[in-house]
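Hello,

Here is the structure for you to look through. Open it first, then read my notes below.

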There are 2 protein chains.
Amino acid sequence: MFQNLDPLLHSQLRLAIVSLLISVEEAEFTYIKEKTKATAGNISVQIEKLQEAEYIKVEKTFKGKYPLTKCSITKKGIKAFEAYVKALQQYIQPAT
Amino acid sequence: MFQNLDPLLHSQLRLAIVSLLISVEEAEFTYIKEKTKATAGNISVQIEKLQEAEYIKVEKTFKGKYPLTKCSITKKGIKAFEAYVKALQQYIQPAT
DNA sequence: AAATTTGGTTTATATTATAAACTTGTTTAC
DNA sequence: GTAAACAAGTTTATAATATAAACCAAATTT
């Protein structure tokens, strides 16, 4: 009846990050920070978890002299997101 | 961009419970247990939280000699659920 | 009358989310 | 030229959550 919801995605911030990356090809750390309004520390932690699970790819480079972190979604991430949304429908769709 | 997700509903088990109650007028503890496959302890705790928030109403009676706990959703619960689903759309709807 | 079952509740623990504090380097103000 | 403020993060500590294990009271079965 109720499929399990992938705990990695069932987190407001991680879901927001993946949601952003789904539609954007690539995003900088600061962009994610602006869009999600979350603290840098929180984002840093959640990005690492998503990366460990290989839901996203993280590339650390430099923009001029400052560090620049770019994130993008992986195939695995897209699949996981789609499965999560599908599972979620069972919870939020009205009636049986 | 991303509205906050009501933490009370953003929990697999509590969401499942509310989801059940939305479409069923009234449900017994054991029914919830069967449908969610969760442990009784976990359900007990989560029901109490939902009740504290006045998202659900809990009525303790007896079925013959055994205790019987009946739950039903409140107006507040319905509203919260609807708001949660609406907020969630922003996360799971593809593209901007 | 001991063991098992029903219908839960309480408590302990493991996991999470989150913010605060810290780091490394850069730019600006004095 | 050096102290203060800023950029872009990371690490660590704490608070909140989810969850299961242990427990309880009464009823039933063996």
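**Around DNA strand D**

DNA strand D is surrounded by 22 residues. The closest are S44(A), K60(A), T69(A), S11(B) and R14(B). A residue is near a strand if one of its heavy atoms lies within 4 Å of it.

A word on the source. This is a predicted model, where local features need pLDDT of at least 70, side-chain atom pairs count only at pLDDT 80 or more, and totals for chains, interfaces and linings use all residues. Residues are numbered from 1 along each chain as its sequence is written, chains are lettered from A and ligands numbered from 1 in the order in which they are written, and side-chain values use heavy atoms, with hydrogens and water left out.

Which part of DNA strand D lies within 4 Å of the protein, sugar or phosphate or bases? Of those atoms, 71% belong to sugar or phosphate, and the rest to bases. Three side chains come up here. A polar side-chain atom of K60(A) lies 2.4 Å from a phosphate oxygen of the strand. For R14(B), an N or O atom in the side chain is 2.4 Å from a phosphate oxygen. For S11(B), that distance is 3.4 Å.

Helix 3 of chain B gives the most to this surface, with five residues. (Helices are DSSP runs of H or I, at least four residues, and strands are runs of E, at least two, numbered from the N terminus.) The surface near DNA strand D has eight nonpolar, nine polar and five charged residues. Asp, Glu, Lys and Arg count as charged; Ala, Val, Leu, Ile, Met, Phe, Trp, Tyr, Cys and Pro as nonpolar; the others, Gly among them, as polar.

**Around DNA strand C**

Here, too, 22 residues surround the strand. The closest are S11(A), R14(A), S44(B), K60(B) and T69(B). A polar side-chain atom of S44(B) lies 2.4 Å from a phosphate oxygen of DNA strand C. R14(A) has a side-chain N or O atom 2.4 Å from a phosphate oxygen of this strand. Helix 3 of chain A supplies the largest share of the surface, five residues.

**How the two chains relate**

Chain B can be laid on chain A with an RMSD of 0.0 Å, by a turn of 180° and a shift of 0.0 Å along the axis. The two copies are thus related as by a two-fold rotation axis. The superposition is by least squares on C-alpha atoms of residues with pLDDT of at least 70 in both. In chain B, the C-alpha of H10(B) comes closest to the axis, at 3.9 Å.

Best wishes

Technical notes: Polar contact = N/O pair within 3.5 Å; in protein donor to acceptor, adjacent residues only side chain to side chain.
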